[in-house]
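Biologist: Please show me the protein that we are to discuss, and then let us go through it by question and answer.

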Amino acid sequence: MSLTRRVAGRYAMVKRRASGRRGGERVLRRRFRELSGHELDLENARTLTEKLFRRMIVIDRSGDESLTPLVDKLAVRHWVAEKIGAEHAVPVLWTGTSPSDIPFDELPLPSVLKANHNSGAVAVISEGVDRDL
């Protein structure tokens with residue numbers, strides 16, 4: 001590898017680290033390969049999955065943060081309210097940072113607990129909560 005390519009690669013890495021992005025495209029390409037069994041061709045994306053991964057990579061390359069509020073369960077509520085009205089958002093019964101502060105006795109049953117930082121993991125509360133666990 002030439003010195004020019006090594007310097008360019010090092011510069012790109014430092015730039016990504018400075019902007020808070022570390023190997024996003026590399027990770028996305030690896031995930032795509034694991035899912036599909038072949039490399040992602042950004043120029044000839046045909047399937048929905050290929051197009052979604054292409055879009056994620058383009059967003060990662062540009063540093064565009066305009067979609068960030070749409071993946072935050074609480075922040076997206078403001079976006080929904082502005083666009084189509086707050087009545088279209090699922091009611092939030094409680095928000096906080098400490099699970100020990102959740103008012104289990106005041107929640108209607110059944111209720112669903114979702115962490116803002118996670119995707120797909122939920123806890124359904126359909127009866128009293130054993131707080132000794």
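The questions below go from the whole chain to single residues.

Modeller: Before we begin, note that this is a predicted model, in which local features need pLDDT of at least 70 and side-chain atom pairs count only at pLDDT 80 or more, while totals for chains, interfaces and linings use all residues. Residues are numbered from 1 along each chain as its sequence is written, and side-chain values use heavy atoms, with hydrogens and water left out.

Biologist: In what order do the elements of the protein run from the N terminus on?

Modeller: Helices (H or I, at least four residues) and strands (E, at least two) are DSSP runs, numbered from the N terminus. The protein has five helices and two strands. From the N terminus on, their order is α-α-α-α-α-β-β.

Biologist: What percentage of the residues of the protein count as buried?

Modeller: A residue is buried under 20% relative accessible area, exposed over 50% and partly exposed in between, with a 1.4 Å probe and protein chains only. The protein has 133 residues, and the share that counts as buried is 13%.

Biologist: How far does H2 reach from its first C-alpha to its last?

Modeller: The expected span of a helix is 1.5 Å times one less than its number of residues. H2 has 13 residues, and 18 Å is expected for them at 1.5 Å a residue. The reach in the model is close to that value, at 18 Å.

Biologist: Is H2 roughly parallel or antiparallel to H3?

Modeller: Axes are lines fitted to C-alpha atoms, for helices over the stretch in contact, and angles run from 0 to 180 degrees between N-to-C directions. The axes of H2 and H3 come within 9 Å and cross at roughly 170 degrees. Angles under 35 degrees count as roughly parallel, over 145 as roughly antiparallel, 65 to 115 as roughly perpendicular and the rest as oblique. H2 is therefore, with respect to H3, roughly antiparallel.

Biologist: How do the residues of the contact of H2 with H3 divide into nonpolar, polar and charged?

Modeller: Contact means heavy atoms within 4.5 Å; among the residues that meet are Leu28, Arg31 and Phe32 in H2 and Phe53, Ile57 and Asp60 in H3. Ala, Val, Leu, Ile, Met, Phe, Trp, Tyr, Cys and Pro count as nonpolar, Asp, Glu, Lys and Arg as charged, and the others, Gly among them, as polar. The division is six nonpolar, two polar and six charged.

Biologist: Why is the pair of Phe32 and Phe53 classed as it is?

Modeller: Rings of Phe, Tyr and Trp (its six-membered ring) pair if their centres lie within 6.5 Å; planes under 30 degrees apart count as stacked, over 60 as edge-to-face and the rest as tilted. A search of the whole structure finds one aromatic pair. The rings of Phe32 and Phe53 have centres 5.4 Å apart and planes at 65 degrees, so the pair is edge-to-face.

Biologist: Which parts does this pair tie together?

Modeller: Phe32 and Phe53 are both buried. The pair links parts 21 residues apart in sequence, because Phe32 lies in helix H2 and Phe53 in helix H3.

Biologist: Is Arg31 exposed, partly exposed or buried?

Modeller: Arg31 belongs to helix H2, residues 24–36. Its relative accessible area is 46%, so Arg31 is partly exposed.

Biologist: Which residue follows H2, with a positive phi?

Modeller: Most residues other than glycine have a negative phi. After H2 comes a residue whose phi is near 85 degrees, namely Gly37.

Biologist: Is the peptide bond from Leu109 to Pro110 cis or trans?

Modeller: Pro110 is in the loop between helix H5 (75–83) and strand E1 (111–114). Most peptide bonds are trans. From Leu109 to Pro110, however, omega is near -5 degrees and the bond is cis.

Biologist: Which residues does Leu93 touch, not counting residues up to four places away in sequence?

Modeller: Leu93 lies in the loop between H5 and E1. With a relative accessible area of 53%, Leu93 is exposed. The residues touched by Leu93, outside those up to four places away, are Leu107, Pro108 and Ser111.
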